[in-house]
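Thank you all for coming; I would like to take a few minutes to walk through one structure with you, starting with its salt bridges and ending with the chain as a whole. Please have the sequence and the model in view while I talk.

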Amino acid sequence: YEPCGRHSARAGSIAAFGRPVNTIYQLDRANVVVSLDADFLCSGMPGSVRYARDYSNRRRAAAVNASATPPRLYVAEGTPSITGGMAEHRFRMRTSEVDAFAAALAQALNVGVNSTGTPSEAVTAVAKDLNANRGSSLVIPGEYQPARVHAIAHAINQALGNVGKTLIYTDPVEVSPVDEVASIGELVKDINRGAVDTLLMLGGNPAYDAPADLNFLETLKKVRLRAHVGVYSNETAAWCHWHVPEAHYLESWSD
């Protein structure tokens, strides 16, 4: 269980495709990039080092070659970021308002997404630029935006013909991709109905960071034998019968 895992990205791809997928962006091929609260040039998502390299190479090439097209970056975000600082156009808003911005953008592009009201002049301008760069544009959702924003981004990229050109989809990198929040909820239900006799926790600290409505710590106390393997003797370890010290990965050499 990872409290800050890619829950929204996974749920958004399931909403769009019926199954989880892994998205890889090819920023060296994009003329126009729209970030929906995605700090893809820093630490906002997996692959950010590669993305920063590809994007900077594209900008550098345009700086030394007058015939090269410099990429244009639009960013909608609630917190200042490295990516926002590099944008030609940054739209400041509450993080919770990015959903409405994404829906309005989809509406302006005639992508079938429920949206109320008329798109603003800014959204219309972004949509016009995306339309003019079909197959060479990108819409990137932020990792911690709701699943709906991820699904909208998938729909827009599909409608613009970007799939296979500026982004590709692969199988998930996880062996068994599941909704981790739902999964730990199922564990709590199993413990409460007496189906768990022994519980082994490999790393993590669910007694501290599991969703509050699960009341995980009180539920954990019902398990007859509890063991925790981890680098730290944390809150979860304190309520286990056994805590097995785990070697730090920089000290274990993968042994």
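Before I name any residue, let me fix one term: I will call a residue exposed when its relative accessible area is over 50%, buried when it is under 20%, and partly exposed in between. Please also keep in mind throughout that this is a predicted model.

With that cut-off, let me begin with Arg50, which counts as exposed because its relative accessibility is 55%. Its salt-bridge partner is Asp54, and the closest N and O atoms of the two are 3.0 Å apart. Asp54, by contrast, is buried, with a relative accessible area of 8%. Both residues sit in helix H2, which covers residues 48-64, and because they are 4 residues apart there, about one helical turn separates them.

The next pair joins parts of the chain that are distant in sequence. Glu143 and Arg6 form a salt bridge in which the closest N and O atoms are 2.6 Å apart. Glu143 belongs to the loop between strand S5 (137-141) and helix H6 (147-159), while Arg6 is in the segment before helix H1 (7-17), so this pair ties together parts that lie 137 residues apart in sequence. As for their surroundings, Glu143 is buried at a relative accessible area of 8%, whereas Arg6 is partly exposed at 29%.

A third salt bridge is the one between Glu180 and Arg10, where the closest N and O atoms are 3.9 Å apart. This pair, too, links distant parts of the chain, since Glu180 is in helix H7 (residues 180-192) and Arg10 in helix H1, 170 residues apart. Arg10 is buried, with a relative accessible area of 8%.

How many salt bridges does the count come to? By the distance rule used here, the number is 12.

Let me now turn to the strands, and to strand S8 in particular, which runs over residues 225-230 and is mostly covered, with 5 of its 6 residues buried. Which strands pair with S8? One is strand S7 (residues 198-202), which pairs with S8 in the parallel sense over 5 bridges; within that pairing, Leu202 has Val229 of S8 as its bridge partner. The other is strand S9 (residues 242-245), which runs parallel to S8 and is joined to it by 4 bridges, and here Gly230 has Pro245 of S9 as its bridge partner.

Finally, a few words on the protein as a whole. It has 11 helices and 9 strands, and its C-alpha atoms fill a box of roughly 70 × 45 × 30 Å along the principal axes. Of the 255 residues, 43% are buried. Among the contacts with a separation of 6 or more, 64% are between residues 24 or more positions apart. The protein exposes about 13900 Å², and carbon and sulfur atoms supply 53% of that area. As for charge, there are 23 positive and 26 negative charges, and the mean positions of these two sets are 7 Å apart.

If you take one residue pair back to the viewer, I would suggest Glu143 and Arg6, where a buried glutamate meets a partly exposed arginine in a salt bridge.

Technical notes
Residues are numbered from 1 along each chain as its sequence is written. This is a predicted model: local features need pLDDT of at least 70, side-chain atom pairs count only at pLDDT 80 or more; totals for chains, interfaces and linings use all residues. Side-chain values use heavy atoms; hydrogens and water are left out. A salt bridge is a side-chain nitrogen of Lys or Arg within 4 Å of a carboxyl oxygen of Asp or Glu. Helices (H or I, at least four residues) and strands (E, at least two) are DSSP runs, numbered from the N terminus. Buried means under 20% relative accessible area, exposed over 50%, partly exposed in between (1.4 Å probe, protein chains only). Two strands pair if DSSP finds at least two bridges between them. Contact means heavy atoms within 4.5 Å. Accessible areas come from the Shrake-Rupley method with a 1.4 Å probe; for residues, only the protein chains shown count as cover. Lys and Arg count as positive and Asp and Glu as negative; His and the chain ends are not counted. The place of a charge is taken as NZ of Lys, CZ of Arg, CG of Asp or CD of Glu.
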